Amino acid sequence: MNAVVSPAVEREFVFHRHDFEKVRKTLMSMAGIRLADSKDGMVYSRLARRLRALNIDSFSKYLAVVEASSVEQEQFINALTTNLTSFFREPHHFDALARYLHEHPDTHTIWCAASSTGEEPYSIAMVVAEVYGTYKPPVRIIASDIDSNVLATAKRGVYAAKSIEKLDTCRKQQFFHRGTGQNSGKVRVVDELKNMITFKQINLHQPDWGFKQEVNVIFCRNVMIYFDKETQLRLLARMVDLLPAEGMYVAGHSENFNLQSNLVRPMGKTLYRPVK
Ligand SMILES: C[S@@+](CC[C@H](N)C(=O)[O-])C[C@H]1O[C@@H](n2cnc3c(N)ncnc32)[C@H](O)[C@@H]1O
């Protein structure tokens with residue numbers, strides 16, 4: 001039988017339980033993200049990279065730097081967010097968006113509230129361009145995320161070619177350039193599609209998101225799951241405030257608000273209409 005080796009012996013940096021607790025508390029207060037007990041290994045490996053980059057030899061010293069430096073606070077958040085996404089993830093939402101746009105020709109604003117590396121807002125933009133038959137529709141798309149690294153990737157709009165494998169040929173040809181030479185194996189979103197989107201850094205926990213007018217459709221998918229129930233409901237209520245009575249809130253596949261009948265009512269699979 002193999003000897004059980006204490007993780008502290010194996011690990012490059014000492015990582016105490018109280019360091020993990022401090023990470024949890026800090027991330028909760030900055031981003032509202034709740035880390036389960038089981039996430040200590042994930043926290044260690046993601047933050048160990050920051051310790052190496054800054055040449056710091058202990059977690060307690062690193063956490064003191066986070067406390068004192070807003071630059072490192074941003075890196076801390078970037079390191080700990082989970083950014084999994086893909087083009088046309090949960091495809092029924094994009095069919096619903098096309099239907100919504102046909103039925104609501106007065107739609108002017110769509111907000112993609114946790115846009116990660118950009119696949120989701122670009123999927124939204126493709127649908128909008130298709131419905132209106134132009135890259136200059138009367139609809140603005142705002143894509144935001146707390147994580148500055150993923151926003152930079154989204155603005156670049158360059159992806160592995162395999163990430164668009166499942167898109168139909170028409171979409172591949174119309175909306176992407178295929179890389180050649182040293183860019184082979186990559187694709188780049190066409191500028192016209194990119195120009196349809198405004199990328200912004202928004203922490204959903206900041207008191208003001210900066211919207212001056214209503215938002216017709218909010219995609220807020222697969223981010224609420226990282227927040228506790230109370231935070232989810234507080235954010236949902238703020239989003240409902242932004243939506244008009246005919247608006248649409250799009251949730252992620254495991255985010256169910258069917259019981260929140262005071263705020264929203266279901267209008268399809270993980271699709272909601274605000275209660276006004
Ligand atoms: C799993 S991804 C979901 C991406 C996309 N919405 C989708 O469903 O494919 C979650 C995203 O939420 C972002 N996020 C986490 N906490 C946030 C917060 N407090 N404010 C804004 N974005 C946040 C993360 O940076 C990450 O990019």
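This briefing describes the domains, sheets and salt bridges of one protein chain. The structure is a predicted model. Its chain is divided into two parts, domain 1 (7-80) and domain 2 (92-274). An open sheet of seven strands and an open sheet of three strands are described below, after the interface between the domains.

**Domains and their interface**

- The centres of domain 1 and domain 2, taken over C-alpha atoms, are separated by 30 Å.
- Contact between the two involves nine residues of domain 1 and 11 residues of domain 2.
- The size of an interface is often given as the accessible area lost when the parts come together.
- For domain 1 and domain 2, the buried area is about 830 Å², and carbon and sulfur atoms give 44% of that area.
- On the side of domain 1 that touches domain 2, helix H2 (17-31) and helix H5 (70-80) are the elements that give two or more residues.
- Five residue pairs are in polar contact between domain 1 and domain 2, counting pairs with both residues at pLDDT 80 or more.
- Zero salt bridges are found across the interface of domain 1 and domain 2.

**The sheet of seven strands**

- The strands of this open sheet follow the order S6-S2-S1-S7-S8-S10-S9, and their pairing is mixed.
- Strand S6 (197-201) and strand S9 (264-268) each have a single partner strand, so these two stand at the edges, and one side of each is left without a neighbour in the sheet.
- From one strand to the next, the twist averages 25°.
- An example of parallel pairing is given by strand S7 (residues 217-220) and strand S8 (residues 248-251), which are joined over four bridges.
- Within this pair, Phe219 has Val250 in S8 as its bridge partner.
- An example of antiparallel pairing is given by S9 and strand S10 (residues 271-274), which are joined by four bridges.
- Val264 lies opposite Pro274 in S10.
- S9 and S10 form a hairpin with two residues between the strands, and in this hairpin Thr270 takes a positive phi near 50°.

**The sheet of three strands**

- This open sheet has the order S3-S5-S4, with antiparallel pairing.
- Strand S3 (158-160) and strand S4 (176-178) are at its edges; each has a single partner strand, so one side of each is left without a neighbour in the sheet.
- The twist in this sheet averages 30° from one strand to the next.
- Three bridges join S3 to strand S5 (residues 186-189) in the antiparallel sense.
- Ala160 stands opposite Lys186, a residue of S5.

**Salt bridges**

- The structure as a whole holds 11 salt bridges.
- One of the salt bridges joins the side chains of Glu12 and Arg52, with an N to O distance of 2.8 Å.
- This pair links distant parts of the chain, as Glu12 and Arg52 are 40 residues apart.
- Glu12 lies in the loop between helix H1 (7-10) and H2, whereas Arg52 belongs to helix H3 (residues 40-54).

Note on methods: Residues numbered from 1 in each chain as written. Predicted model: local features only at pLDDT ≥ 70, side-chain atom pairs only at ≥ 80, totals over all residues. Heavy atoms only, no water. Pairing = 2+ DSSP bridges. Axes fitted to C-alpha atoms, helices over the stretch in contact; angles between N-to-C directions. Domains from an automatic or database assignment. Contact = heavy atoms within 4.5 Å. Buried area = accessible area lost by both parts, 1.4 Å probe. Salt bridge = Lys/Arg side-chain N within 4 Å of Asp/Glu carboxyl O. Polar contact = N/O pair within 3.5 Å; in protein donor to acceptor, adjacent residues only side chain to side chain.
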